[in-house]
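Work through the exercises below with the sequence and the model at hand. Each task is followed by a solution in steps.

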Amino acid sequence: MTITDWPRTAAEPTPETAAPAAVSGTPAPVSQTVDAVSETAEFVSETESGTGTKPSPGKLTGSQKWATGAIVIAALALSGIGLYLSFEHVAEFAHERLRFGSLGKGQLFAVGVDVGIMVMIAVDLLMAWLKRPISWIRYPVWLLTAVTVVLNAASGAPQNRAWTLMDYVAAGAHGVVPVLFIMVVELGRDAIDRVVRPDKAERDSIPWLRWVLAPVATSRIFRRMRLWGVTSYPEMTRRDQELIAYEQWLKRKYDGDISQASEDELLPMKMAPYGYTVARALAMPDEQERAAQEREEEAARRRLDAETRSEVAQAESAAERLRAKGKVELVQAEVDGQTGQARAHARAQVSAAEKAAELEQKALENAVVAEARAREAEAERKEAQERRAAAAADLEKAGLERQAAEQRKAAAEADAVAAAEAGAIETERIAQARKATAAADLDAAELEYQAAQLRKEAAEADRVAAAEAQAIETQAIAEARKATAEADKAAAETEAAAAETRRAAAEARRKEAEEERQTEVVLADAARAKEEAAEAARAAAETRRVAAEIELAAVEAEFAAKLRPRERSIRKVARMILAVGGDAEQLPLADIQRELAVTSPGTASEYRKEAAQLLADGYVPEQ
């Protein structure tokens, strides 16, 4: 075995234990110890007293039941004997020596002590049977039993003379039965506890021979077993052997001067009083570094989560602002629409007034035209009257001519008579001709009169028809134009209002669509930010995992190479330089101080220089 080999311990480990993690700078122990034996309540070893770990069967056989009954009966008989003897002696001693007023009071005192002991014993056994034992209740029982033993022994003490050997024997005999009864009770309590809790770990007892041969070392072992809950005596001895072997190994390594060892190498001796095994103490720096790294990763993860939540909150706040702005714009659009409708209504009213004024102007013009036409009709009427007067004049003239014709006829007849009378005989042909001429003139005058009358009636009919037609045409045109103007005005107002409403609705829909688009953009940005943050977290975690694997491989390689602590630190700084791109100047000294737990910047600078030189010499970390 060389000076750097780890010594094998005298006691072989239990087959259930596993190998601990090795600490950088220390060789791996041969013994396969668990990290904390004291924390495993299920560990139970075979002891020299014969108690094993296999639980008893759940049901008792017939023979076991009979044996149990006999034991219970014998224990009850023993308790009865003890109570009887104790009662008599304690009652008399209380009456005579303890100044109780009467024997009855002394008997009550003895009964109270015995009943108190029995009640507490019964409660202790009952709670043990219910798997809910009360550990402190046995101590009052022991105290009261000790009181009864003292009282019983004192009752047999000699009076007014010196003690002899037989006096001591007699005093001790008075306490034998109570002590025996308490031992039986404790045995029964332990038996009940083993029956109802077969899987409970049992504490090994230290062999009495060791107490005799090495009382000081054995007392230290007993103290550590009780303090740190180690139930196995072989395990405790194996721990001591490992610690002694490790200390001897350090002495051989440093030529007997353990003070040259590093702090990590001295941890097993420092942590042994606190229940740490050698393997667990050596693994403590790695565990602390791993825990610190986990805390840093957890802090970074919480910080990233906080940043992500802040970004999400900002995005949601922006979305809320956009929604509120959209609502305000929607209300503004509604107000603008209502205002536009009012303005359109006002414009429609103004347009209607203008159209009404125009229609009135047109009606006035139509009235002027109608008036002109009326004047023309009046002129035509006057002309018709003139024509009628002319016709009347013609008619009167025709009448006068007829009268003249009649007069001429009469004159002609008179002339004819006169001629006949005067003797002028005209021929019948001339008379008839004159008569025919006179008749023709009369008929012509009559016809001319009728024609004048017809012309008068026609002129009157033309005037009336023209007036009626003009009046009907003016009224119909005016009503039609008025109805058309009103229909045009109503249609124009309706169309303007509908157009304004459609415009306002389209504007509102446009703004709402714009708001939804902006909200979707904000939500998409928030989701993209979440995805980017999650991807960054995954990338960071993957980077840390790869770095941890590289670091683990490098540590294992350094452990296999059995490098000194300074060499390992230089290699760790070299890996840190590679992590920042390979430029040593890019690695801050504060990071080196934090990783290597050094306080001096000068020391950190020396580490960085040596690590840079190591990289320049071709150092490549194990992958």
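Helices (H or I, at least four residues) and strands (E, at least two) are DSSP runs, numbered from the N terminus. An axis is a line fitted to C-alpha atoms, for helices over the stretch in contact, and angles run from 0 to 180 degrees between N-to-C directions. The model is predicted: local features need pLDDT of at least 70, side-chain atom pairs count only at pLDDT 80 or more, and totals for chains, interfaces and linings use all residues. Residues are numbered from 1 along each chain as its sequence is written, and side-chain values use heavy atoms, with hydrogens and water left out.

**Exercise 1. Describe how helix α1 and helix α2 cross, and list the residues in contact.**

Step 1. Locate the helices: α1 covers residues 62-96 and α2 covers residues 103-129. Their axes come within 7 Å and cross at roughly 140 degrees.

Step 2. Classify the angle. Angles under 35 degrees count as roughly parallel, over 145 as roughly antiparallel, 65 to 115 as roughly perpendicular and the rest as oblique. The pair α1 and α2 is therefore oblique.

Step 3. Give the hand. A crossing is left-handed if the near helix is turned anticlockwise from the far one by less than a right angle, and right-handed if clockwise. The crossing of α1 and α2 is right-handed.

Step 4. List the contact (heavy atoms within 4.5 Å). From α1 come L83, S86, F87, V90, A91, E92, A94 and H95, and from α2 come L103, G106, Q107, F109, A110, V111, D114 and M118.

Step 5. Sort by class. Ala, Val, Leu, Ile, Met, Phe, Trp, Tyr, Cys and Pro count as nonpolar, Asp, Glu, Lys and Arg as charged, and the others, Gly among them, as polar. The contact of α1 with α2 has 10 nonpolar, four polar and two charged residues.

**Exercise 2. Do the same for helix α3 and helix α5.**

Step 1. Helix α3 spans residues 138-155 and helix α5 spans residues 176-196; their axes lie 9 Å apart, at an angle of about 165 degrees.

Step 2. The two helices α3 and α5 are therefore roughly antiparallel, and α3 passes α5 in a right-handed crossing.

Step 3. On the α3 side the contact residues are R138, V141, W142, T145, T148 and V149; on the α5 side they are P178, V179, I182, E186 and R189. By class, this contact of α3 with α5 has six nonpolar, two polar and three charged residues.

**Exercise 3. Analyse the packing of helix α7 and α8, then place T218.**

Step 1. Helix α7 (residues 215-228) packs on α8 at an angle of about 115 degrees, and the axes are 11 Å apart. The helices α7 and α8 are therefore roughly perpendicular. The crossing of α7 and α8 is right-handed.

Step 2. I221, R224 and M225 of α7 meet Y233, M236 and D240 of α8. The contact of α7 with α8 divides into four nonpolar, no polar and two charged residues.

Step 3. T218 is in helix α7. Buried means under 20% relative accessible area, exposed over 50%, and partly exposed in between (1.4 Å probe, protein chains only). T218 counts as buried because its relative accessibility is 0%.

Step 4. Apart from neighbours within four places in sequence, T218 is in contact with I206, R210 and W211. The C-alpha atoms of T218 and T237, 19 residues apart in sequence, are 9.8 Å apart.

**Exercise 4. What is the sign of phi in K131 and D255, and where do these residues lie?**

Step 1. Most residues other than glycine have a negative phi.

Step 2. K131 has a phi near 65 degrees, a positive value, and lies in the loop between α2 and α3.

Step 3. D255 has a positive phi near 55 degrees and lies in the loop between α8 (233-253) and α9 (267-271). D255 counts as exposed because its relative accessibility is 74%.

**Exercise 5. Summarise the whole protein chain.**

Step 1. The secondary structure comes to 14 helices and zero strands.

Step 2. Of the 623 residues in the protein chain, 27% are buried.

Step 3. Among contacts with a separation of 6 or more, 64% come from residues 24 or more positions apart.
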